[in-house]
Amino acid sequence: MKLTFLILLVLASCLFYALTVKAHELNGSLSIEGRFFTENPLYPEQEHGNGSIAIAPEYYHERPDGSSFIFTPFLRIDSADSERTHFDIRELNFLLLGDPWELRVGISKVFWGVTEFVHLIDIINQTDLVEDIQGEDKLGQPMVHLSIPQDWGVFDFFVLPYFRERTFPGQDGRLRAGIIVDTDNPVYESGAEEKHVDFALRYSQIFDSADFGIYYFKGTGREPLFIQTISSGQPVLRPYYQQIDQVGMDLQMVPGNWLWKMEALYQDNENKNFFSATGGFEYTFFGLGDSMIDLGCIAEYAYDNRDDEATTSFENDLLLGLRLAINDAA
């Protein structure tokens, strides 16, 4: 109830702010999706395919002093999986500019990372797993974000006052585990549960052709463990969110056509401390045959010293890929 009141209060303030300005910018996206699976479903609740529609409008305004406001809601309606039908506020925040600082308050999205296949250090926002099993889509995160850019680097401070639980496919969802995840009854190590206040600090800098970043995060881990239990006579998995201390870094170097990347982290938690890293290279062939087509060849290796106990499928894997860019000036 308190969170709902807070969101309504922020939304009302933002709408008042929007109505008092003269310049408005409105855009967004609308997508229609159809999925069909050639194999029969494993469970009777599932279907051969499904259809869905997603809408993500975006309102943006920038004032003459450089401060700005953004509002990006998101809605998906799915024909098969009720858990995939969901609404989220991806962004709803003010950006205030000072000298030499920037302050963003509200609901935001922040991405950290440089590698292609596994984003180890991207910890600020929670994964919206019903959107994409690759984990690229993220839920909006309430935060206060203070950024202080200097010639010798950028310091970012984060206060995250509310935790977002990960979404999972429901009983009717095709891309789900054999046992349903009970998202209505999560378990927390912290007695404050989702109201635990998390903190993060990050330093980043550009050295000639290299980008470097290092951070420290303290709070509720975004990736849950699972506790198997019984609900209504059926086995279910209850997500368990630990308290963690995590240090991570990312490095990217750009010598010529090469792009060398690395991410690494060390996490301290009640269950098992561990180290994880991923890295590799990307080489791009520009203008194939004097055309506008570019071809990138990607090779990365992922390692996690928990081995078979890792909560990720990338604990000792070589990943290869190609990126074909056709007439993409950006």
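Of the 330 residues in this protein, 42% count as buried. Keep in mind as you look around that the model is a predicted one. The protein exposes about 18300 Å² of surface, and carbon and sulfur atoms supply 59% of that area.

Now for the overall build. The secondary structure comes to one helix and 18 strands. The radius of gyration is 22 Å, close to the 20 Å that the globule rule gives for 330 residues, so the protein is as compact as a globular protein of that length. Taken along the principal axes, the box filled by the C-alpha atoms is roughly 60 × 55 × 45 Å. The contacts tell you about the chain's path too: among those with a separation of 6 or more, 54% are between residues 24 or more positions apart.

Let's start on the outside. Leu30, Ile32, Ile53, Ile55, Leu75, Ile77 and Phe87 make a nonpolar surface patch of about 690 Å². Three elements give two or more residues each to this patch: β1 (25–36), β2 (49–62) and β3 (68–78). If you would like one residue to zoom in on, try Leu30, which lies in strand β1. Leu30 has a relative accessible area of 60%, and because exposed means over 50%, Leu30 belongs in the exposed class.

Next, let's turn to two buried residues that touch one another. Ser204 sits in strand β10, which covers residues 198–207. Is Ser204 buried or exposed? Its relative accessible area is 17%, and since the cut-off for buried is under 20%, Ser204 is buried. Which residues does Ser204 meet, leaving aside its neighbours within four places in sequence? They are Gly153, Val154, Phe212 and Gly213.

Follow that last contact and you arrive at Gly213, placed in strand β11 (residues 210–220). With 0% relative accessibility, Gly213 also counts as buried. Not counting residues up to four places away in sequence, Gly213 touches Arg202, Tyr203 and Ser204, and also Gly248, Met249 and Asp250. A further pair to check in your viewer is Gly213 and Gln252: these residues are 39 apart along the chain, and their C-alpha atoms are separated by 9.2 Å.

Put side by side, these residues show both ends of the accessibility scale: Leu30 is exposed at 60%, while Gly213 is buried at 0%. Ser204, at 17%, is buried as well, and Gly213 is one of the residues in contact with Ser204.

Technical notes
Residues numbered from 1 in each chain as written. Predicted model: local features only at pLDDT ≥ 70, side-chain atom pairs only at ≥ 80, totals over all residues. Heavy atoms only, no water. Patch = residues over 30% accessible without salt bridge, like charges linked within 9 Å, V, L, I, M, F, W, Y side chains within 5 Å. Areas by Shrake-Rupley, 256 points an atom, 1.4 Å probe, with all protein chains shown as cover. Salt bridge = Lys/Arg side-chain N within 4 Å of Asp/Glu carboxyl O. Helix = DSSP H or I, 4+ residues; strand = E, 2+ residues; numbered from the N terminus. Buried < 20%, exposed > 50% of the residue type's maximum accessible area, 1.4 Å probe, protein only. Contact = heavy atoms within 4.5 Å. Rg over C-alpha atoms; globule rule 2.2 N^0.38 Å.
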